[in-house]
Amino acid sequence: MEAVLANANRRGTNKGAAAAMGSMNPRPPIWYAFDNGDQNTPDWYPQGLTGSDDSGSIGVPALMISWYFKPTAGERGIRVSFFSPQTLKYQHALLVLAKPDGSYGPINIHAGGIACHGDLLYVADTVRGLRVFDLRHILDLRTAQKDLGDPDRIGRHGGKLHAFGYRYIVPQTDFWRVAQAGPRFSYVAIDRSGDTPRLITGEYREGDGNGWVARWPLDMEGGAPEDAYITGQEKIQGAVSYDGKWYLSQAVNATTNGRLRVFDGDTLATRPFPIGPEDLTVQDGRLWSVTEFRNKRTIFAVPL
């Protein structure tokens with residue numbers, strides 16, 4: 001992580017892409033925008049968010065953002081951005097699935113939420129569960145060859161490595177796979193407010209409030225959550241529990257402000273939120289999220 005951020009080749013802007021805030025009042029005290037190329041692309045959409053506070057072991061302040069590819073043709077999988085809130089510099093890395101022959105390929109999922117604990121990055125796979133990536137094994141293609149290969153190819157071809165032009169790849173190392181069809185894994189987070197960190201997962205639903213949230217032991221022993229709840233809210237894009245409260249990120253559409261739903265066990269409150277809010281995480285004592293729509297792509301923080 002430290003090496004990737006030291007070589008970061010993109011720079012965000014402080015309080016850019018203000019259209020993402022829409023009619024939100026008050027606006028977030030902190031927000032960062034991605035660069036113009038990432039703002040304008042119709043191919044990649046940010047979804048998940050986590051950070052070094054979740055990890056507990058990353059040596060520098062960092063945020064991580066997952067993106068899924070929405071192609072007009074072909075498939076380029078999912079990627080994660082490593083973002084420094086100190087320098088506003090960031091770097092994309094492609095998440096890949098290793099093959100038995102020593103090659104690798106893209107992972108075609110939505111990656112609607114991510115969470116980091118220790119060196120492990122958990123990525124929500126909607127119908128299958130959670131894919132796991134080990135951040136000790138971020139591979140730099142420039143250490144293996146002189147260039148980054150063909151920007152239109154991926155994997156090993158003719159003895160050379162390719163990753164659609166990306167310098168860094170992170171191979172999948174594990175998989176928490178659901179045993180049978182059931183609730184979907186739309187987003188994921190970490191609750192570090194108690195004595196023992198717990199993994200949060202939940203389901204996005206439209207048309208009804210039957211989506212669920214659950215808290216799991218991070219060792220996943222027993223294969224069952226510690227507790228689970230029906231949210232009673234539709235279009236929840238992210239959820240996290242912290243100090244006895246549940247925070248739910250609720251989307252509307254690409255032009256209308258979303259909502260932050262806060263449940264303290266007795267009452268449900270609604271707070272203003274930007275347009276297109278996604279996954280949630282708690283970092284530095286604040287609630288963070290990311291917005292997804294073109295020219296409205298930001299990472300922002302609000303008080304808990």
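**Cores, rings and strands in a predicted model**

Tyrosine 90 is buried, its relative accessible area coming out at 0%. That value, like the rest here, comes from a predicted model. A good place to go next is the ring beside it. Phenylalanine 83 also counts as buried, at 0% relative accessibility. The structure holds 12 aromatic pairs. In the one made by phenylalanine 83 and tyrosine 90, the ring centres are 5.6 Å apart and the planes sit at 25°, so this pair is stacked; the cut-off for stacking is an angle under 30 degrees. The two rings also belong to a wider group, since ring pairs tie Tyr32, Phe34, Trp67, Phe83, Tyr90 and Trp288 into a cluster.

Phenylalanine 83 has plenty of other company. Leaving aside residues up to four places away in sequence, phenylalanine 83 touches Leu5, Gly12, Tyr32, Pro61, Ala62, Leu63, Ile65, Leu88, Lys89, Tyr90 and Ile299. Phe83 turns up again in the largest nonpolar core, a set of 27 residues, where it is listed with Ile65, Leu94, Tyr104, Trp288 and Ile299 as having the most contacts inside the core. Strand 3, strand 4 (44–51), strand 5 (63–69), strand 7, strand 14 (160–163), strand 25 and strand 26 (298–303) each give two or more residues to this core. The largest share, 4 residues, comes from strand 5. There is also a second, separate core, with 25 residues, including Ile78, Leu95, Leu135 and Tyr168. As a general point, nonpolar side chains in soluble globular proteins tend to be buried together.

Not everything tucked away is nonpolar, though. Histidine 92 belongs to strand 7 (residues 89–98), and with a relative accessible area of 3% this histidine is buried, because the cut-off for that label is under 20%. What do the side chains of histidine 92 and aspartate 38 share? They are joined by a polar contact of 3.0 Å. Another polar contact, of 2.7 Å, links the side chain of histidine 92 to that of serine 81. With residues up to four places away in sequence set aside, histidine 92 touches Arg10, Asp38, Trp67, Arg79, Val80, Ser81, Tyr166 and Tyr168. Arg79 has a ring partner of its own: the charged end of arginine 79 sits over the ring of tryptophan 44, 4.3 Å from the ring centre. A similar arrangement involves arginine 297, whose charged end sits over the ring of tyrosine 45, 4.7 Å from its centre.

Now for the strands. An open sheet is built from 5 strands in the order 2-3-26-25-24, with antiparallel pairing. Strand 2 (13–14) and strand 24 (277–283) stand at the edges; each has a single partner strand, so one side of each lacks a neighbour in the sheet. Strand 24 is joined to strand 25 (residues 286–291) by 5 bridges, and the two run antiparallel. Here glutamine 283 stands opposite arginine 286 of strand 25. In the loop between strand 24 and strand 25 lies aspartate 284, which has a phi near 55°, a positive value in a residue other than glycine. Aspartate 284 counts as exposed, at 55% relative accessibility.

Further along, strand 21 (residues 245–250) has 5 of its 6 residues buried, so this strand is largely enclosed by the rest of the structure. Strand 20 (residues 236–242) and strand 21 run antiparallel, joined by 6 bridges. They form a hairpin with 2 residues between them, and aspartate 243 in the turn has a positive phi of about 50°. Strand 21 is also joined to strand 22 (residues 257–263), again antiparallel, by 5 bridges, and the hairpin between strand 21 and strand 22 passes through 6 residues. Glutamine 250 takes part in both pairings: isoleucine 236 stands opposite glutamine 250, and in strand 22 the bridge partner of glutamine 250 is arginine 259.

A few backbone oddities round off the picture. Most residues other than glycine have a negative phi, and most peptide bonds are trans. Alanine 111, in the loop between strand 8 (104–106) and strand 9 (114–117), has a positive phi, near 50°. Is alanine 111 buried or exposed? Alanine 111 is buried, with a relative accessible area of 0%. Finally, the peptide bond joining asparagine 25 and proline 26 is cis, with omega about 0°, and proline 26 lies in the loop between strand 2 and strand 3 (30–33).

Notes
Residues are numbered from 1 along each chain as its sequence is written. This is a predicted model: local features need pLDDT of at least 70, side-chain atom pairs count only at pLDDT 80 or more; totals for chains, interfaces and linings use all residues. Side-chain values use heavy atoms; hydrogens and water are left out. Buried means under 20% relative accessible area, exposed over 50%, partly exposed in between (1.4 Å probe, protein chains only). A polar contact is a pair of N or O atoms within 3.5 Å; within protein, one must be able to donate a hydrogen and the other to accept it, and residues adjacent in sequence count only if both atoms are side-chain atoms. Contact means heavy atoms within 4.5 Å. Two strands pair if DSSP finds at least two bridges between them. A nonpolar core is a set of buried Ala, Val, Leu, Ile, Met, Phe, Trp, Tyr and Cys residues joined through side-chain atoms within 4.5 Å. Rings of Phe, Tyr and Trp (its six-membered ring) pair if their centres lie within 6.5 Å; planes under 30 degrees apart count as stacked, over 60 as edge-to-face and the rest as tilted. A charge sits over a ring if NZ of Lys or CZ of Arg is within 6 Å of the ring centre and within 35 degrees of the ring normal.
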